[in-house]
Amino acid sequence: MYSPDDDVPVGARIRRHRERAGMSRPVLAGLVGRSAEWLKAVENGRLQSPRLPMLLRIARALELDDLAELTGDGHAVPVAVFAGERHAALTDVQSALTDYRLATAEDSVDTEHLGLRLAQAWHVRHASPDHRTQLGALLPGLIRDAQNAARLRGDGRRAARRVLAGVYQLADFFVAYQPAPELVWLVADRALHEGYEADDPYLIASGAWSMVQALRDSGRWEEGIALARTAIAQLEPYLDRENTPADWHGIAGALQAEIAYVHARRGRYGEAWAYWESADRIAQRLGPTYRHVQTSFSIPVMQAHATTLGVELRRTGEGLRAAQALDADRITSVPRRSRHFIEVARAHYQRDEFVAAFAMLDKSARTAPETIRYNGYARDMLHGLRKRPPSGMRDDVRALCDRVGVAAH
């Protein structure tokens, strides 16, 4: 049945719920990583309605359980459907991140051994279908030990900061896509800070890569692009030297790819593909066996990025052609491969090819179930498929939704 409330714009709904909560614009804007001016423009209708990731942040900040309170959809759309549940280990990881106890000599940890533990944790992250659970077991101790090592004074403090920066970069993959967006900003900021404290252009660039993603997902596009360009500029004096490690080139390429992603998110076709081509040239020069540990930057992942650009730019034909040209088994990182299948599913879903979209989501779940379980786009598609399953596939859709925690509502 029609209700006059159905015609209320999203911005006006945000303002109404913000005022009901007794929350000022600067407070809500700060909670979602935007400016008060941006929020005012959204509420007044001068900017278009935020995309799903930002709507989820706003809903969580306003403590709304039903996303329809903001979208005006007549059907209940629980925030948890898209956001996913809180991982059981998140509390322990959060406690480690916010442990401000002063370190003493008794807390001394061998930095070289810490580095080996970090390298093993990166291997676990990329090799495990249940990568979040595996990282959740490793991160609390690794975070505390690395923080303690960096807090102790002495000759090894700079080396400890380098390890700690890497630990925060790893933690970024665990906290992403969980109902704790403040932790995404926390670990990205700390990784960048430790890079600056170590006075290491490579670590600064690696920290910037994580921060650019946080800025992109908050719609702070110009800031993300500016940060990526600054990080690349700091690397450039080193990139022409013969003895510069391959990973310095790899992180420069990964940052170029992130700029491409930001331009695609904002709908700028030419700029998106220009930066993708620049990043791809770097990947090609590094060769078919190269892969950057943190970002997975490599030739296969650049091909996967091409699918994502097609999806973001609503050029789904281009995205699907890129997917067809890629042997996904060449993506070494299991979670990254699973995410690629979600991007292919998004392309099919945009074309109303729901059987094909379901097939790719099912493939993602079989590849790395903890990737699809926490991916908002995947949960959005599964929610839609559960409400309107393709003919003859109701039981298949229900079974997949149950496997990845998308409940019926």
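A cavity, as I use the word here, is a set of grid points where a 1.4 Å probe fits but cannot get out. I note at the outset that the model I am reading is predicted.

**Entry 1: the search.** I looked through the whole structure for enclosed space and found two cavities of 30 Å³ or more. The volume of the largest is about 870 Å³, and for the second largest I have about 40 Å³.

**Entry 2: the largest cavity.** I looked up its lining, which is made up of 41 residues, and noted that A176, Y177, Q213, R216 and D217 are the ones closest to the centre of the cavity. I then asked which element gives the most to this lining. Helix α12, spanning residues 201-217, does so, with six residues. Sorting the lining by class, I have 18 nonpolar residues, 11 polar ones and 12 charged ones.

**Entry 3: the second largest cavity.** Which residues line the second largest cavity? I wrote down W209, A254, A257, E258, T295, F297, V301 and H305. Two elements, α14 (246-265) and α16 (299-312), give two or more residues to this lining, and the largest share comes from α14, with three residues. By class, I have five nonpolar residues, two polar and one charged in the lining of the second largest cavity.

**Entry 4: the two linings side by side.** For my own record, I set the leading elements together: α12 gives the most to the lining of the largest cavity, while α14 provides the largest share of the lining of the second largest cavity.

Conventions. Residues are numbered from 1 along each chain as its sequence is written. This is a predicted model: local features need pLDDT of at least 70, side-chain atom pairs count only at pLDDT 80 or more; totals for chains, interfaces and linings use all residues. Side-chain values use heavy atoms; hydrogens and water are left out. On a 1 Å grid over the protein atoms alone, a cavity is a set of points where a 1.4 Å probe fits but cannot get out, and a pocket is an open set with protein on both sides within 12 Å along at least five of seven lines; lining residues have an atom within 4 Å of a point. Grid points are joined across faces, edges and corners, and a volume is the space filled by probe spheres set on the points. Helices (H or I, at least four residues) and strands (E, at least two) are DSSP runs, numbered from the N terminus. Ala, Val, Leu, Ile, Met, Phe, Trp, Tyr, Cys and Pro count as nonpolar, Asp, Glu, Lys and Arg as charged, and the others, Gly among them, as polar.
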